[in-house]
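Trainee: I should like to learn how to read a structure of this kind in an orderly way. May we take its features in turn?

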Amino acid sequence: MNKEPMKVSGSEAVILSLLEEGVEVIFGYPGGAIMPIYDSLYDYDKKITHILTRHEQGAAHAAEGYAKITGRAGVCFATSGPGATNLVTGIADAMIDSIPMVCITGQVASPLLGTDAFQESDVLGISMPITKWNYQITTPEEIPEAIAQAFFIAQTGRPGPVLLDITKDAQFGELEFNYKKCRKIRSYVPENPVDPFKVKEAAELIDQSKRPLLLFGQGVIISRAEAELQAFIEKTGIPAAWTLLGLSALPSEHPLNVGMLGMHGNYGPNVLTNEADLIIAVGMRFDDRVTGKVSAYARDAKIVHLDIDPAEINKIIKADVAVLGDAKKSLKMLTDNVKQNSHKEWLDQFNKAYQTEFEKVIEKDLHPTKAGLTMGEAISLISEKTNNEAILVTDVGQHQMVAARYFRFKHSRSFVSSGGLGTMGYGLPAAMGAQLAAPDRTVVTVIGDGGFQMTIQELGTIVQNKLPVKIILLNNNFLGMVRQWQQLFFEKRYSFTELVNPDFLMIAKGFGMEGKKVSSRENLDEAIAEMVSFDGPYLLEVVVEKEDNVFPMVPSGASVSHILLEP
Amino acid sequence: MKREFNITVFSENHIGLLTRITIVFTRRKINIESLTVSESAISGVYKFTIVVHTSEDSVKKVVSQIEKIVDVLKAFYHTNEEMIYQEIALYKVPTEALYDSDQIENIVRNSGARILEITREYTVIEKTGHKEETQALFEQLNQFKVMQFIRSGRVALTRDPIERLSEFLNERDAFLDSMD
């Protein structure tokens, strides 16, 4: 845009730059060093929505939830010092999960830098290991260009969080405002063009393979390659399994969707990884939760790895053929180069494995005969009552794994969860962000009683902003996942995992939120129906079996072949 | 097997970039044996020479993580055999030791070192070479009590006939233009 330059304050330039980038929502918390920016924001409240969270961590996770649903950078504001350090967990989470995010922090005035001034902390230094890029702005003139670069870097290539630290004098100073979007940076190659020779090599391996297995991750969602993925597997008849963050990219009911990989994934895709003669990994990074023992992973398979990030190639698993570039383009080219095929007998092995898992695990989870409620039945019922069309946001722990296993999806970008970092306290604020990103969709968040209490204050934000988030609290009065490990690997020595919990409904009520508690099977159906149809935010506390375990499970350090179906 | 590797990084000149680069090593608990940073032949482009003692697998991963940093233009690694490298060392010895015998003079001549400055109290000697050579000279001079000693980080060139940096920058510019 090339309008006549106009003279504005640095703080106003921040807001104008965000508007130029199409920002509609900011999550934040004001404080001394960012007050000029908040003062400018006051004049733009019709053009931009600001959500005042109750803690900066909430702002960061909300921005993540927003980014996951929209695919655009989530934006958060925080003041210097404690405001900025409170963002850190959320930034680290966004970094490891490749979430585009632009954080703007206030900083003490530039003459005070390095003097231990009030609320000064070295935010640039602190955030360096957990940002894709960060930059400190000390003069007003730098603001438009730095913000343009921030959005370009956050949203292109492998996305990630960036942080801009703006000193108070830069916010107060004046500049001639003229905004130009950033289109390239000399030292930064967002993506490599797909090499057609590599595609041909990969296609040859695929055509020759008798037992191919495709593994997809979040890269498919980030590059919006869902249709290309489906076209590829349908042409080749290759079964496809997903990582936690790849969930919802392929409809749950697709006949070639063989389930979740990894520690609490499905039986078939785990054991059959070691039967496969070819692994095609798309937009995934072979996390240790997926591979189990690396030296015993995919032993008989050649590996084709499609990824946008060159640093992921050969990082964990050596690739026989690496196809660098954007998944949408590489999958399309791959589909054009492979032969039509089907792998019926091979696919049958997955279906058989599913039957085994169904008998040993799923049946008990979804149709339990014992009195206590299971997490599985609650989650499965919520999925059903929302017509498998809801956005599901989870916290971290047992409920997260159960939710990933039993929630069903029709649409991509419908699952929001903290994967790499495993951040307890993520669910509630991320659900706010997801709801703001998709106001017309039902957003349900499943949270355990441990994680809920880490960011419970965001109930206030949800009520203040009338966000109709449906919160399902699966309460077992335990830090369930840790307790499960203590039971299985630490001789049931339940060291500090039992919780004496508050009356959650009373807390919700204190915040002005409706809710209900259910602890018996006969009331579950109705309670969920009531929650789903409720107009506004709602807390449904489901009291579940105290000492239930999540199975299947690949014990830490074991091969995926040694996945356990029971203790 | 662990051995010495020379990592070369070309980057933009931005504040904080040194930290970003060293974080890649810190996070993997790899010690930096030596580090030299200065402007390259192309104005505005900085060159880092980093010496580490690690396995080839680890140096490969480190280099790809460094290259991923937004402000880094290019990173690569070489073994010592693939590079021509030098370090510079300065030695301060008491000047009276030179008067007492011609031993120091001979050591300086034979080791290809040179004298930079002589005052009444001290004489400063300079030598460039590999660490073993500058260290050997130190041992020899230390019989006369070296008063101060300093050795620089490594500077290194590849055995390529030309530095391909400007070619690389032109290619990069053309590539980024083609992506528009």
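**Reading the model, feature by feature**

Mentor: Six strands make a convenient start: 6 strands of chain A form an open sheet in the order β11-β10-β9-β12-β13-β14, with parallel pairing. Please keep in mind that this is a predicted model.

Trainee: Which strands stand at the edges of that sheet?

Mentor: Those are β11 (257-260) and β14 (321-324) of chain A; each has a single partner strand, so one side of each is left without a neighbour in the sheet. From one strand to the next, the twist averages 20 degrees.

Trainee: Which helix packs on the sheet, and which strands does it touch?

Mentor: Helix α8 (residues 196-208) of chain A does so, touching β9, β12 (278-282), β13 (302-307) and β14 of chain A. The direction of α8 makes about 135 degrees with that of β14(A).

Trainee: How should I read the pairing of two strands within a sheet?

Mentor: As a general idea, strands of a sheet pair through backbone hydrogen bonds, either parallel or antiparallel. Here, strand β9 (residues 212-216) and strand β10 (residues 240-242) of chain A run parallel and are joined by 3 bridges. One can follow this at a single position, where Leu214(A) has Ala240(A) in β10(A) as its bridge partner.

Trainee: How does one read the two faces of a strand?

Mentor: In a regular strand the side chains alternate between the two faces of the sheet. Strand β7 (residues 161-167) of chain A is a useful case, with 7 of its 7 residues buried. On one side are Pro161(A), Leu163(A), Asp165(A) and Thr167(A), and on the other Val162(A), Leu164(A) and Ile166(A); all are buried, and both faces are thus covered.

Trainee: Which strands pair with β7(A)?

Mentor: Strand β5 (residues 101-107) of chain A pairs with β7(A) in the parallel sense over 7 bridges, and Gly106(A) has Ile166(A) as its bridge partner there. Strand β6 (residues 133-137) of chain A also pairs with β7(A) in the parallel sense, over 5 bridges; in this pairing Tyr135(A) stands opposite Leu164(A).

Trainee: How should I approach the nonpolar core?

Mentor: In soluble globular proteins, nonpolar side chains tend to be buried together. The largest nonpolar core in this model has 202 residues, and those with the most contacts inside it are Cys76(A), Val282(A) and Leu540(A). Helix α6 (residues 143-155) of chain A gives the most to this core, with 8 residues. A second, separate core of 9 residues includes Ala89(B), Val93(B), Ile104(B) and Val108(B).

Trainee: What does Cys76(A) touch, beyond residues up to four places away in sequence?

Mentor: With those set aside, Cys76(A) touches Ile26(A), Phe27(A), Gly28(A), Ala59(A), Ala60(A), Ala63(A), Leu87(A) and Cys103(A).

Trainee: Is Val446(A) buried or exposed?

Mentor: The test is a count of neighbours: a residue is buried if 20 or more other C-beta atoms lie within 10 Å of its own. Val446(A) has 29 such atoms and is therefore buried. Val446(A) lies in strand β17 (residues 443-448) of chain A. Apart from neighbours within four places in sequence, its contacts are Ile379(A), Leu392(A), Thr394(A), His399(A), Ala403(A), Ile472(A) and Leu474(A).

Trainee: How do the overall dimensions of each chain compare with a compact globule?

Mentor: For the 567 residues of chain A, a compact globule would have a radius of gyration near 24 Å, and chain A has 24 Å, which agrees. Its C-alpha trace spans about 70 × 60 × 40 Å along the principal axes, and 55% of its residues count as buried. Chain B has a radius of gyration of 20 Å, well over the 16 Å given by the globule rule for 180 residues, so chain B is more spread out than a compact globule. Buried residues make up 26% of chain B, whose C-alpha atoms fill a box of roughly 70 × 35 × 30 Å.

Trainee: How many residues does each chain bring to the contact between them?

Mentor: Chain B brings 19 residues and chain A brings 16. In chain B, β1 (2-12), α1 (17-27), α2 (56-68), β4 (72-79) and α6 (165-179) each supply at least two residues of the side that touches chain A. That side of chain B divides into 5 nonpolar, 5 polar and 9 charged residues.

Definitions and conventions
Residues numbered from 1 in each chain as written. Chains lettered and ligands numbered in written order. Predicted model: local features only at pLDDT ≥ 70, side-chain atom pairs only at ≥ 80, totals over all residues. Rg over C-alpha atoms; globule rule 2.2 N^0.38 Å. Buried ≥ 20, exposed ≤ 12 C-beta atoms within 10 Å, placed from the backbone. Pairing = 2+ DSSP bridges. Helix = DSSP H or I, 4+ residues; strand = E, 2+ residues; numbered from the N terminus. Axes fitted to C-alpha atoms, helices over the stretch in contact; angles between N-to-C directions. Contact = placed C-beta atoms within 7 Å. Nonpolar A, V, L, I, M, F, W, Y, C, P; charged D, E, K, R; others polar. Core = buried A, V, L, I, M, F, W, Y, C linked by C-beta atoms within 7 Å.
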